Amino acid sequence: MRHDISRLVDGATYRSGNPFALWRWMRENAPVVWHEPGVFPGFWSLTRFAEVKEVLRDAETFSSSSGILLRPLAQGVDPGSDRTLALSDAPRHTVLRGAIAGWFAPRNLRLLTDSLNSAAHSIVRDAVRASRIDFVTEVAAKLPLEVVCAFLGIPDEDRPSIVEWSTDAFCAGTAEERSIAHLQILDYFGDLAERRRSRPGEDLVSVLAGVRFENAYLPLEEVVLNCDNLLVGGTENVRLAMSGGMLALLERPGQWALLREDFEGAVDTAVEEILRWTSSATHILRRARRDVVLGGQRIRRGDLVVCWLTSANRDPAQFTDPDVFDVRRTPNRHLALGAGPHYCVGTRLAKLEIAAVLREFFAQVDQVLPDGEPEHLDSIVVNGLRRLPLRLTASAVSRPRGMAGVRG
Ligand code: HEM
């Protein structure tokens, strides 16, 4: 059956929770295909693992500096273009990456780990006490936000405001409310960055405020845009991976049992499989800097190329039984966190967060039951769950880790 490839850029395709048939057809029949301009500018779609990886690894040929997400033509250029870590090429990218990735080194993350684990403990404890919860908002959204506030050095007294604005920026009812909340975040980071430039602390905002490029400090506006990217990057994807992972486990009692039997032995491969399976960053965009041939198609200099990561991560040429969720899968070299010079800088942190929530779930929860239908987002940028209603029963006694049961 022929598929309509314009459905790729229609939010309804993702709301259905099953864009996979379309991607399968494209991988088999049109793996490198041109989309005519309409609401979006014209672009090439790549759906196979091989071409997606080739593009992500070749930053010399494929530039990030004019944006990494498909934007409707009416929205114009991304304000972060050529200014933030994700939206820059070398040499700016190399300088910013050195500063930010340095901060995410294992030594710093070890300092964060205790507070991360204790935050995960309290969040799951509160969820168990509440008993009927939306896992997305009451667990999966909370931990990443607390962690981001910690590494950006947001003072304790300001955190409730950041939580409120971030929640509104993602979830408020109208576009206007979302954009007001977003402006409040940007304003807040503007003040914080100014304070940190004059009195640096140990946090990432201070690191960014102290970065020098071409013999000058970054303009404060660029510091702010980078903070904003970290806030969004550090919260949205983790929330979606965590909640999609929880649903995948709930729907597969056998996989849940495997993890329960040997939590510490299986958690690393399980988290990796959750990342591949959820692939929450649906696509990444690049612009070709020279003429190049990809999958037999001639891409012209200046053309936009969209890498559909979620499709690449279900490519049977790369993964055995790609549509099977397997917490023991090895090897599992997926592209959910990108590849090449822009490979996700928050990788280790994201994995620590997902593992911490799972660990607490297995330790504190006796039984997990669905409590209504999960709802999917209708975004073409990130895919995953908007809502995951669950009913939780606390462990009767304090059990050793890895003792939670599930009923589908
Ligand atoms: C499940 C969680 C996550 C997923 C799926 C994810 C996905 C990605 C992907 C696909 C990229 C590559 C973008 C590109 O090639 O243009 C990326 C880059 C990035 N991510 Fe993540 N991410 C996650 C967690 C995080 C966290 C926790 C943080 C921050 C604390 C973060 C911050 C960033 C930043 C700053 C970049 C840009 C890196 C660069 O351009 O050099 N991400 N992420």
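# Close-up views of a predicted model

**Cys-344 is partly exposed.** The relative accessible area of Cys-344 is 30%, and the model in which this value was computed is a predicted one. Cys-307, in contrast to the partly exposed Cys-344, is buried, with a relative accessible area of 0%. A disulfide is a covalent bond between the sulfur atoms of two cysteines. The cysteine sulfur closest to that of Cys-307 belongs to Cys-344, and the separation of 16 Å is too far for a bond. To count as a disulfide, the two sulfur atoms would have to lie within 2.5 Å. A search of the whole structure accordingly returns zero disulfides.

**Helix α5, residues 106-130, is shown along its length.** The helix comprises 25 residues, for which a rise of 1.5 Å a residue predicts a span of 36 Å. The C-alpha atoms at its ends are 35 Å apart, in agreement with that expectation. A kink of about 35 degrees is nevertheless present in α5, with its centre at Leu-112. Leu-112 is also one of the buried residues of the helix, which include Leu-109, Thr-113, Leu-116 and Ala-119. Towards higher residue numbers, the buried set continues with residues such as Ile-123, Val-124, Ala-127 and Val-128. Ser-131, just after α5, adopts a positive phi of about 70 degrees.

**Helix α11 spans residues 220-250.** Its 31 residues reach 45 Å from the first C-alpha to the last, close to the 45 Å expected at 1.5 Å a residue. Of these 31 residues, 25 are buried, so α11 is largely enclosed by the rest of the structure. The helix contributes at least two residues to the lining of the largest cavity, and it also supplies four residues to the lining of the second largest pocket.

**The second largest pocket holds about 380 Å³ of space.** Its lining consists of 18 residues. Those nearest the centre of the pocket are Gly-17, Phe-20, Leu-247, Trp-277 and His-376. Which helix provides the largest share of this lining? The largest share comes from α11, with four residues. Helix α13, residues 263-278, likewise supplies at least two residues. By residue class, the lining comprises nine nonpolar, six polar and three charged residues.

**The largest cavity encloses about 40 Å³ of space.** The structure contains one cavity of 30 Å³ or more. Phe-135, Met-242, Gly-245, Met-246, Ile-274, Ile-354, Val-357 and Leu-358 form the lining of the largest cavity. Seven of the lining residues are nonpolar and one is polar, while no charged residue takes part. At least two lining residues each come from α11 and from α15, residues 347-364.

**Ser-279 and Gly-338 are 10.0 Å apart in space, C-alpha to C-alpha.** In sequence, the two residues are separated by 59 residues. Ser-279 occupies the loop between α13 and β7, a strand formed by residues 283-288. Its phi is near 35 degrees, a positive value in a residue other than glycine. With a relative accessibility of 0%, Ser-279 counts as buried. Gly-338 belongs to the loop between α14, residues 309-312, and α15. Gly-338 is buried, with a relative accessible area of 15%.

**Asn-215 lies in the loop between β5 and β6.** The flanking strands comprise residues 212-213 and 216-217, respectively. Is Asn-215 buried or exposed? Asn-215 is exposed, and its relative accessible area is 72%. Asn-215 has a positive phi, near 65 degrees, in a residue other than glycine.

**Cis peptide bonds join Ala-90 to Pro-91 and Thr-330 to Pro-331.** At the bond between Ala-90 and Pro-91, omega is about 5 degrees. Pro-91 is located in the loop between β3, residues 62-63, and α4, residues 92-103. For the bond between Thr-330 and Pro-331, omega is about -10 degrees. Pro-331 is placed in the loop between α14 and α15, and Gly-338 is also located in the loop between these two helices.

Technical notes:
Residues numbered from 1 in each chain as written. Predicted model: local features only at pLDDT ≥ 70, side-chain atom pairs only at ≥ 80, totals over all residues. Heavy atoms only, no water. Expected span 1.5 Å × (residues − 1). Bend = angle between axes of the 7 residues up to and from the residue. Buried < 20%, exposed > 50% of the residue type's maximum accessible area, 1.4 Å probe, protein only. 1 Å grid on protein atoms, 1.4 Å probe; cavity = no way out; pocket = protein on both sides within 12 Å on 5 of 7 lines; lining within 4 Å. Points joined across faces, edges and corners; volume = space filled by probe spheres on them. Nonpolar A, V, L, I, M, F, W, Y, C, P; charged D, E, K, R; others polar.
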